[in-house]
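Biologist: I would like a close look at one part of this model, the place where the two chains pack helix against helix. Please take me through that part and then through what surrounds it.

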There are 2 protein chains.
Amino acid sequence: MPSPRRRTSLSRPAVSVLRLGHRAGRDPRLTTHLALTARAFGAERLYLNPPDPELAARVAAVGRTWGGSFEVVGAPNWRVPLQEFPEAVVHLTMYGEPLERRFAEIARAPRLLVVVGGAKVPGDLYKRATWNLAVGHQPHSEVAALAIVLDRLLGTPGPKAWAGAERVIVPQARGKKVRTARSRRPG
Amino acid sequence: MPSPRRRTSLSRPAVSVLRLGHRAGRDPRLTTHLALTARAFGAERLYLNPPDPELAARVAAVGRTWGGSFEVVGAPNWRVPLQEFPEAVVHLTMYGEPLERRFAEIARAPRLLVVVGGAKVPGDLYKRATWNLAVGHQPHSEVAALAIVLDRLLGTPGPKAWAGAERVIVPQARGKKVRTARSRRPG
């Protein structure tokens, strides 16, 4: 099922994300933030290398509450997802070309795979990627870089309930307000 | 010393960031990413509550290599930094008003404090903040939310060396290239 925004924005690319070098035991929060950022900014799925079923389950629980069809898919071999996106792999790296320089090209692709690594990435990723692009040329965060790219490609979603959501936020100047969404999943 | 971009962009706010609820022992990477994101996207400093001198030292080392004057400042009492930014505190929360709704107001402030919390924040923060603003109304990441706000306020920096940098990246379509910066710090 395409994400809610995808249906009404046919000119925007359908984006998947690949996260390399996840360390399940050591620091699940960072990859959880990456997965939730991918989801919140409209990506369809996160391929996770190596796989982490517990993390995938936690993110799926977020989707049951807040809607949409985002999923975390285990990727034991990171080269496999790349093969599904020929000529459409964006590797985010501080060593790459400025995002702005290639943005018009990547925005034209109907489907994109955005690849983010951790501290070290396999050297041949630079060759296999269609574009190696930098969001700023300073060390910062793959979470930040992914957010910027998705925001530019797909925009930041408004407060409307996502398809199948159980809950939806009612924006407030002060405090918190959450209501039951009208469009629950059938069953 | 103001950051390199601040000097040439007098119409942009000078931004500091306050991070609440840091858990030093548990997960330094997430706050490190937040600090580096604040730095890379042009904030002047990160107030860190509770303080974490080891983290501050690691971020300072990044600054010695890559330039600029960003600093991590320990904040044992989080209300103190707020008092230094009267009428100019932006609290990022998924429960807040859409960023877009108030963006023109925050962009006019000469100085801003952007506050990000962890899973739980003190209830009175919602009252003490000038604005409670959401970057999307879905759960994701304070790193992502901060990046979007700073990108909109200050823009994403290009590949130019920062003041005092030892090293600077030379953007590449493939691979990595780093050169010694011409403008080293004196001494």
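Modeller: What follows starts at the helix pair between the chains and works outward into each chain. The model is predicted.

The part in question is the pairing of α7(A) with helix α7 of chain B, residues 142-154. The two helices pack at an angle of about 55°, and their axes are 8 Å apart. An angle between 35 and 65 degrees falls in the oblique class, and α7(A) is therefore oblique to α7(B). In passing α7(B), α7(A) makes a right-handed crossing. From α7(A), the contact takes in Val143(A), Ala144(A), Ala147(A), Ile148(A), Asp151(A) and Arg152(A). From α7(B), the contributors are Val143(B), Ala144(B), Ala147(B), Ile148(B), Asp151(B) and Arg152(B). By class, the residues of this contact are eight nonpolar and four charged, with no polar ones.

The matching lists reflect how the chains are arranged. A turn of 180° with a shift of 0.0 Å along the axis lays chain B on chain A, with an RMSD of 0.0 Å. This is the relation of a two-fold axis. Within chain B, Ala144(B) has the C-alpha nearest that axis, at 2.4 Å. Ala144(B) is also one of the residues that α7(B) brings to the helix contact. Of the interface residues of chain B, 100% are interface residues in chain A too, so the copies meet through the same surface.

Next comes the packing of α7 inside its own chain. In chain A, helix α7 (residues 142-154) lies across β1 (14-19), β4 and β5, and runs at about 170° to β1(A). An angle over 145 degrees counts as roughly antiparallel, so α7(A) is roughly antiparallel to β1(A). In chain B, α7(B) lies across β1 (14-19), β4 and β5, again at about 170° to β1(B).

α7(A) also has a helix partner within chain A. α5(A) and α7(A) pack at about 50°, with their axes 11 Å apart. These two helices are therefore oblique to each other, and their crossing is right-handed. Leu99(A), Glu100(A), Phe103(A), Ile106(A) and Ala107(A) form the α5(A) side of the contact. The α7(A) side consists of Ile148(A), Val149(A), Arg152(A) and Leu153(A). Sorted by class, this contact has seven nonpolar residues, two charged residues and no polar residue. Ile148(A) and Arg152(A) take part in the contact with α5(A) and also in the contact with α7(B).

Helix α5 of chain A, residues 99-108, lies across β4, β5 and β6 of that chain and runs at about 160° to β4(A). In chain B, helix α5 (residues 99-108) lies across β4 (89-98), β5 (111-116) and β6, at about 160° to β4(B).

The sheet behind these helices can now be described. In chain A, six strands make an open sheet in the order β3-β2-β1-β5-β4-β6, with parallel pairing. β3 (71-74) and β6 (131-134) of chain A are the edge strands, each with a single partner, so one side of each has no neighbour in the sheet. From one strand to the next, the twist averages 35°. Within this sheet, β4 (residues 89-98) and β5 (residues 111-116) of chain A pair in the parallel sense over three bridges. Across that pair, His91(A) stands opposite Val115(A) in β5(A).

Chain B has an open sheet of six strands with parallel pairing, in the order β3-β2-β1-β5-β4-β6. Four bridges join the parallel strands β2(B) and β3(B). One partnership in that pair is Leu48(B) with Gly74(B) in β3(B).

Some backbone details in the loops remain. Most peptide bonds are trans, and most residues other than glycine have a negative phi. Asn49(A) and Pro50(A) are joined by a cis peptide bond, with omega about -10°. Pro50(A) belongs to the loop between β2 (45-48) and α3 (53-66) of chain A. In chain B, a cis peptide bond joins Asn49(B) and Pro50(B), with omega about -10°. Glu87(A) is not a glycine, yet its phi is positive at about 60°. Glu87(A) sits in the loop between α4 (79-83) and β4 of chain A.

Terms used:
Residues are numbered from 1 along each chain as its sequence is written. Chains are lettered from A and ligands numbered from 1 in the order in which they are written. This is a predicted model: local features need pLDDT of at least 70, side-chain atom pairs count only at pLDDT 80 or more; totals for chains, interfaces and linings use all residues. Side-chain values use heavy atoms; hydrogens and water are left out. Copies are superposed by least squares on the C-alpha atoms of residues with pLDDT of at least 70 in both. Contact means heavy atoms within 4.5 Å. Two strands pair if DSSP finds at least two bridges between them. Axes are lines fitted to C-alpha atoms, for helices over the stretch in contact, and angles run from 0 to 180 degrees between N-to-C directions. Angles under 35 degrees count as roughly parallel, over 145 as roughly antiparallel, 65 to 115 as roughly perpendicular and the rest as oblique. A crossing is left-handed if the near helix is turned anticlockwise from the far one by less than a right angle, and right-handed if clockwise. Ala, Val, Leu, Ile, Met, Phe, Trp, Tyr, Cys and Pro count as nonpolar, Asp, Glu, Lys and Arg as charged, and the others, Gly among them, as polar.
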